[in-house]
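Let's take a friendly walk through a protein model together. Have the sequence and the 3D view ready.

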Amino acid sequence: MPPVKPMLAKSVAKIPPGMQYEAKWDGFRAIVFRDGDEVELGSRTGKPLTRYFPELVAGLKERLPQRCVLDGEIVIAREGRLDFDALTERIHPADSRVRMLAERTPASFVAFDLLALADESLLEVPLADRRARLMMALSGVTAPVHVAPATTDVDTAQGWFEQYEGAGLDGVIAKPLTLGYLQDARAMFKIKHERTADVVVAGYRLHKSGPVVGSLLLGLHDDRGALQHVGVSAAFSMKRRAELIEELEPLRMEDVAGHPWAAWAEEAAHESARLPGAPSRWSGKKDLSWVPLRPERVAEVAYDHMENGVRFRHTARFRRWRPDRTPESCTYAQLEEPVRYDLAEIFAPQA
């Protein structure tokens with residue numbers, strides 16, 4: 001019965017040997033509970049996702065065993081690759097909009113673990129056996145339900161790591177074959193892409209604990225020369241947060257007038273530019289105000305991949321200041337683009 005907390009993964013630099021390997025999907029992690037006519041989608045935090053994906057609930061009811069619990073990922077695909085932006089649009093309070101988007105951008109469920117079947121809990125069953133049971137339970141399943149490809153061959157996993165990014169996937173997950181399902185434990189391993197980029201530091205937000213830097217606001221110039229907000233860098237020690245306040249003080253502007261992101265508080269401005277503080281269903285009443293800086297300082301940051309080619313998908317990791325680079329040289333052109341890969345190839349029947 002819900003809630004079930006999903007098993008988690010910790011980051012490692014290389015693909016470890018002797019495990020089961022799967023692609024790392026870029027969607028909403030979900031535990032699916034099916035009991036006859038009842039289907040519930042539980043999020044990683046335990047909150048229900050069911051009302052946001054009515055078309056997926058119908059598809060799961062038609063295709064899953066009568067009583068089961070599955071671990072997997074809710075994803076949306078567009079033009080052969082995953083689209084996380086389209087997925088976030090589905091979390092909306094208006095039922096009419098949810099149903100409209102369900103028709104316009106239908107979601108899929110990628111199953112990668114079986115936690116219960118009929119009256120049997122499989123939490124203590126080794127992964128290799130759970131995988132075999134999953135393949136049997138979902139044999140012949142059709143879209144919008146898919147079984148995540150898996151392999152025990154490390155060379156195949158390395159190929160997936162290199163190829164699947166072109167379809168919007170996030171790396172590779174490695175799972176010990178003898179492991180039971182450990183709720184809320186980081187017992188798996190994730191290997192993610194990491195690249196670096198030189199970005200303009202054009203502002204910062206204060207930390208919730210006091211007058212120190214909470215996150216740096218990062219920008220890149222587009223092909224028109226406009227500075228677009230592409231994400232944040234936020235993982236600093238408290239000592240470093242205080243040091244950054246002093247380092248950035250000479251660049252601090254009294255107000256936002258004259259700053260490339262001066263229109264950040266105007267909702268309409270976000271339709272034609274990427275600015276900090278965009279209205280979001282996720283931020284709620286969160287304070288999105290920020291301190292503007294003259295956009296003159298360049299930093300090198302590490303990132304895993306870009307969302308739709310316009311912003312960092314996750315928080316970027318600060319590496320160093322780049323006094324040798326000019327802000328104008330920080331453009332999208334420096335970013336490495338993965339070779340496109342059709343998502344349909346990933347979902348092709350497995351031998």
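Which exposed residues does the face of helix 5 turned away from its buried side carry? They are Asp155 and Glu162. Here, buried means under 20% relative accessible area, exposed over 50%, and partly exposed in between, using a 1.4 Å probe on protein chains only.

Before going on, note that this is a predicted model, where local features need pLDDT of at least 70, side-chain atom pairs count only at pLDDT 80 or more, and totals for chains, interfaces and linings use all residues. Residues are numbered from 1 along each chain as its sequence is written, and side-chain values use heavy atoms, leaving out hydrogens and water.

Now look at the other side of helix 5 (residues 154-163), where Ala157, Trp160 and Phe161 are buried. These residues lie on the same side of the helix because they cover an arc of only 100° around its axis, the arc being that of the directions from the helix axis to the C-beta atoms. Their cover includes strand 2 (20-23), strand 11 (150-151), strand 12 (171-175) and strand 13 (186-192). Helices (H or I, at least four residues) and strands (E, at least two) are DSSP runs, numbered from the N terminus.

Next, find strand 15 (residues 210-221), which runs antiparallel to strand 16 and is joined to it by 6 bridges; two strands pair if DSSP finds at least two bridges between them. Leu216 has Ser233 in strand 16 as its bridge partner. The two strands form a hairpin with 5 residues between them, and Gly225 in the turn has a positive phi of about 90°. In strand 16 (residues 227-233), 6 of the 7 residues are buried.

Terms used:
Contact = heavy atoms within 4.5 Å.
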